[in-house]
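Subject: Handover of a structure for your review

Dear colleague,

Please find the structure below, together with its sequence. My notes on what was found in it follow directly after.

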Amino acid sequence: MRQTADERAYRSALRRGAGRCVTMLSSESARRKYRLLVMWACGRDLGYDTQVEGTRALFLYDLIGQYANPEPFLDGIERKLFAVEKKFFSPANKAELESLFMQESDLLVLFATDSDNVRARRILERGYERFLRMLLNLAWLSKTDMLVLDSFDYLCGRLLLCARPKETQPMLERIVRDLGRLYMRDSGLNSCVADYFRCEAENMLGEKRYAAMLGRIDHSPEVEEYKAAVFLAKKESEARDVKRKRRQNLGYKAVYRRVSEQGTFGIRYMVRRWRLDGRTKDIEGLVRLYVLEKDTETRAMLLDMFSAPDSRCEGYLPLDCVLRDASSDNDTLGRSAAGVLKGVKSRRVHDYALNMVKRRGVSYEMIAVLAGNYREDDDDLLIAALKKLGEKQHDVYAILARVTGGKGVDRLSTRMLAYLYETIRCTHCRNRVVRELGRRGLLTDDMLAECLHDASVDIREYARRILKRRRAKSA
C-alpha cells in the first residue's frame, strides 16, 4: 500500500528515534493512523550504532505505551524474537540481527520490570532456555554459532536485570551454573563470555553484593568452571594491558619499520599516544620519514597514522606535502591525505576542498574536509551533498556536530543546526546539536516536549533540566 506524505515523514522520524513520534500519538485518530508503522518499528533494528547509542528499546516502549493494549505489539515481538533465533545460523545480516535481538530483549525487559508484564517475562525465559539447549546440543561452535552464544550471553544479563528482589539470588545461581555447564562442555570457549556476565552482574548489583551472592552459591563443578573462566579472562586482560604498554613504548624508527613491513594494524593510534605522552621528537621523526618516503603505499599508511582520531597533526605535517598527496592519481594515497585534511582547520584547506568539489563533483572525502573547515557560505553545497552521500552521511554529520560549539567563522549557522536536528539518525550526534540549540536559546517548548521522548536518554535528561529551569523562572 502506498504511504501518504505524513506516513513517510513519520517513518523517517521513527528511524531517527525522534521524540515527535510519541507526541504525535496524542489523539485517537493519530494512534489509528500510525499504528501499523509503530508495529513495523517494533520488528526493525532502528539503532544507528548500538555500541555507542544503546538500543532503541525505551523509545519503542514509549510508543507502545500510547496504546491501551500492548499485547498486539508483544505478538510481533515474540514472533520476531524466535525468527531472529533461527536466523542466527544464517551467515546473512549477522550484525543487523544481533542488534535487533538486543533491542527486542531490552524492550521485553522494560515490559517485565516497568509494567510487570508476565508474558514478557515468559518470552525472555523461553528464549533463554531455547538458546541454552541449542548450545548444549551443538557438537562444536562455528563462527555462526558464536552469534547464538553472544545472544545467550546478552539474555543472561537481561534475565538478571528483570528478576524480582526475591528472585535475584536464585537467578544468579541458575545463570552461573548454566554458563559453567557450557564451559564444561567446551573448554575452548572464550573466557570473555563468563566475564561479560560478571561485568553485567557487578554493574546491576554492585561489586560487593555480587561477590557476596556468588559466595553463597553451593560449590559444584559448574560453579568452579564459571569462576575459572572469569579468573582466566582477568589474566588475559592483564596480559593485553602489558602488551599494549610495550607497544606504546615504540619509537618512531621502530614504528616506521612496522608500517613498512606489516602495515598499521595495532599501531595506528601511536601518534595520538605520543602526543598524549608529550613525545614530540617521535612525532617529528615520523613526519621526516613521511616527507622522504617514495613508496606510495607506505606513504599512504604513514598518513593514516596521522589521520587517526585525536592525532592532531597540525603543526607537524607540512601542509604542502599533504595537499599534493590529496591530489594524487593514486586513490589510496589521495584518501589517506584527505583523512588528514579533515582534521586541519585552515582557510587554504577549505578553499582546496571547495575547488576539488567544483572540479570533480561530490565525493565523501572532500565533503568531509569541507565540513571540518565549515563556513556558513557552504550550507547549500553541504546540504545538497549530504542528500547524495547515502551511508557516508553519518561521518559528515559527526564532523559537523563536533563544531556545533565553535566560535567565529566556524560556528554552525542556525539553518545548518535546524537541518541536522531534523535529519541525523545517530542520537549521539543529535545530542550535540540539541545542546547547541539550547545554548543559543533556540529550543522551543514544543521541541523540548519532543526531546523528552527522544531515543537518547541524554537528550531526555537535558530537556527535563531545561524545562524545569523555565518553569522555575515563570513561577
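Which residues are linked in a network of salt bridges? They are Glu-71, Asp-75, Glu-78, Arg-119 and Arg-126. Please bear in mind throughout that this is a predicted model.

Salt bridges

A search of the whole structure returns 32 salt bridges. Three of the pairs are described here.

Within the network already named, Glu-78 pairs with Arg-119, and their closest N and O atoms are 3.1 Å apart. This pair joins distant parts of the chain, since Glu-78 belongs to helix α6 (residues 71-87) and Arg-119 to helix α8 (residues 118-137), 41 residues apart. The relative accessible area of Glu-78 is 16%, so the residue is buried, the cut-off being under 20%. Arg-119, in contrast, is partly exposed at 26%.

A second salt bridge is formed by the side chains of Asp-6 and Lys-33, at 3.0 Å from N to O. Because Asp-6 lies in helix α1 (residues 5-16) and Lys-33 in helix α3 (residues 28-42), the pair ties together parts that are 27 residues apart in sequence. Both residues are partly exposed: Asp-6 has a relative accessible area of 44%, and Lys-33 one of 36%.

The third pair consists of Arg-158 and Asp-106, whose side chains meet at 3.5 Å, N to O. It again links distant parts of the chain, with Arg-158 in helix α9 (residues 143-161), Asp-106 in helix α7 (residues 94-114), and their positions 52 residues apart in the sequence. Arg-158 and Asp-106 are both buried.

Pocket and cavities

The second largest pocket has a volume of about 360 Å³. Its lining comprises 14 residues, and Gln-51, Glu-98, Met-102, Tyr-154 and Tyr-196 are those nearest the centre. Two or more lining residues come from each of α4 (50-53), α7 and α9. The most are given by α7, which supplies five. By character, the lining of this pocket divides into five nonpolar, five polar and four charged residues.

The structure also holds two cavities of 30 Å³ or more. The largest cavity encloses about 60 Å³ of space. It is lined by Arg-16, Ala-18, Gly-19, Arg-20, Tyr-421, Glu-422, Arg-430, Glu-450, Cys-451 and Asp-454. The elements α24 (414-423) and α26 (445-451) each give two or more residues to this lining. Six of the lining residues of the largest cavity are charged, three are nonpolar and one is polar.

Backbone and helix geometry

One backbone angle deserves mention. Most residues other than glycine have a negative phi. Asp-116, however, has a positive phi, near 50 degrees. This residue lies in the loop between α7 and α8, and Asp-116 is partly exposed, with a relative accessible area of 43%.

Does the length of helix α10 (residues 168-185) agree with or depart from the span expected at 1.5 Å a residue? Its 18 residues should span 26 Å, and the end C-alpha atoms are 26 Å apart, so the two values agree. The buried residues of α10 include Met-171, Leu-172, Ile-175, Val-176, Leu-179, Leu-182 and Tyr-183. Thr-168, Gln-169, Asp-178 and Gly-180 of this helix are buried as well.

With kind regards

Terms used: Residues numbered from 1 in each chain as written. Predicted model: local features only at pLDDT ≥ 70, side-chain atom pairs only at ≥ 80, totals over all residues. Heavy atoms only, no water. Salt bridge = Lys/Arg side-chain N within 4 Å of Asp/Glu carboxyl O. Helix = DSSP H or I, 4+ residues; strand = E, 2+ residues; numbered from the N terminus. Buried < 20%, exposed > 50% of the residue type's maximum accessible area, 1.4 Å probe, protein only. 1 Å grid on protein atoms, 1.4 Å probe; cavity = no way out; pocket = protein on both sides within 12 Å on 5 of 7 lines; lining within 4 Å. Points joined across faces, edges and corners; volume = space filled by probe spheres on them. Nonpolar A, V, L, I, M, F, W, Y, C, P; charged D, E, K, R; others polar. Expected span 1.5 Å × (residues − 1).
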